[in-house]
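User: Please take a close look at one part of this protein, the place where its nonpolar residues gather, and explain it step by step for someone in a first year of study.

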Amino acid sequence: MAPENLPWDLEEKILSGLPPLYLVRFRTVSQHWNALLNDTRFINNHLARVRPQIIFLTESKVYSIDIDLGGGGADPTIEVREIPSDFPYQATDLTHTTITTCDGFLFRDFWKQGVAIWNPWLRQVGWIEYVDKGFHFCGVGYDRTRPDKSYKILGYFNCLRTVSNTYQVGYKKVAVYECASHALKFLDVPFKQWPNMAPLSLNGNLYWVTRNPEDTHRHEYVIRSFDFSSEMFKTFCLLPCRKNHSRDELLLAVYKRDGFSLLKQCYVTGEIEIWVTKNKIDEEEVEWINLMTFPTSNLPKLINKLCGVSYFIYDKTLIMCCGDEETGAAGIYIMREDICKKIQIDLGVVRFSHCVYLPNFGSVPSEFRPLRV
């Protein structure tokens with residue numbers, strides 16, 4: 001007797017709950033499944049269920065770190081996988097290497113060389129090479145007024161202004177690089193409230209935390225943004241909490257695909273506060289909710305981490321990647337009401353770069369020169 005096929009809606013439901021690595025392999029099962037994995041509705045359903053991952057970058061290799069939160073009394077675990085990467089250059093110094101995400105793609109900046117756009121699950125890499133190698137990468141977004149999502153890169157140049165025959169003054173000149181036309185546009189704006197770490201890219205715009213210039217006591221902070229459609233900077237909103245001490249840490253992350261989360265760590269007590277936005281960030285009014293507070297924790301001090309801090313909130317759980325205070329080795333920290341656990345990443349490195357990545361099945365855009373992986 002011939003085997004019976006499952007109802008198509010049940011097949012789709014099962015597939016939407018699988019990890020990205022398996023879905024990519026299943027593209028070759030049938031034309032129907034391949035078409036499904038390119039369907040926008042299916043992709044959105046999958047992204048609504050999938051848990052973000054940590055992308056971990058060393059000088060020579062790239063890894064994905066998948067976190068299993070356990071359940072039913074089981075302890076959380078992690079799975080570290082090396083993922084294929086074949087970039088046209090190798091980073092000579094991870095201090096000048098940035099890895100960030102935008103619209104489901106990974107972007108890796110190679111200082112004085114160019115930018116790679118990368119979908120590790122489809123094993124596709126594209127490449128942008130600047131004509132002027134002095135361009136400093138800041139972040140990636142796109143013009144939301146255009147249907148084709150024209151990707152752009154925000155950055156700056158270090159310049160010199162001659163004051164006299166014997167004296168020059170350095171300054172920074174802000175610029176936007178349009179990937180499709182390879183055109184560089186300078187912006188006549190002051191270099192103020194610039195991100196001190198890689199900004200978040202969400203819905204085409206960049207966002208970062210900075211001091212409120214109107215607060216004379218310097219304890220109040222705001223979210224600044226850069227809109228790639230209008231190519232303008234603006235203050236997006238006030239943060240829901242202030243710094244009580246100058247060395248308190250404020251970290252911004254994406255929450256549930258279209259909102260923000262804010263992590264505040266008190267430097268003196270180690271207390272952790274987690275705030276999240278109630279609504280989508282595109283709405284005019286920004287309302288924050290105090291989601292969790294951990295009065296004490298075993299987390300390291302997060303300020304001035306050499307390799308930075310990446311984190312995300314999933315199912316009222318804090319998942320964070322950073323280096324150990326004493327050894328510098330990377331670790332994953334998992335915190336919720338009933339658990340506080342550190343899992344060491346045994347890769348034998350103390351210098352690394354990392355970011356939170358939500359897997360995607362989109363092909364690398366055509367304006368990026370394709371490279372084989």
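Analyst: What follows describes the nonpolar core and how far the model can be trusted. This is a predicted model, in which local features need pLDDT (the predictor's confidence in each residue, from 0 to 100) of at least 70, side-chain atom pairs count only at pLDDT 80 or more, and totals for chains, interfaces and linings use all residues. Residues are numbered from 1 along each chain as its sequence is written, and side-chain values use heavy atoms, with hydrogens and water left out.

The mean pLDDT of the protein is 83, and 90% of its residues reach 70 or more. Confidence is highest in strand S18 (residues 272–277), at a mean of 95, and lowest in strand S25 (residues 369–372), at 61.

A nonpolar core is a set of buried Ala, Val, Leu, Ile, Met, Phe, Trp, Tyr and Cys residues joined through side-chain atoms within 4.5 Å, where buried means under 20% relative accessible area, with a 1.4 Å probe and protein chains only. The largest such core has 25 residues, and those touching the most other members are Ile 55, Val 62, Phe 87, Leu 106 and Trp 118. Among the elements that each supply at least two residues of this core are helix H4 (40–49), strand S1 (53–57) and strand S6 (114–119); helices (H or I, at least four residues) and strands (E, at least two) are DSSP runs, numbered from the N terminus. Leaving aside neighbours within four places in sequence, Trp 118 is in contact (heavy atoms within 4.5 Å) with residues including Val 62, Phe 87, Leu 106 and Val 125. A second, separate core of 19 residues includes Ile 117, Ile 128, Phe 135 and Val 140.

Definitions and conventions: Buried means under 20% relative accessible area, exposed over 50%, partly exposed in between (1.4 Å probe, protein chains only).
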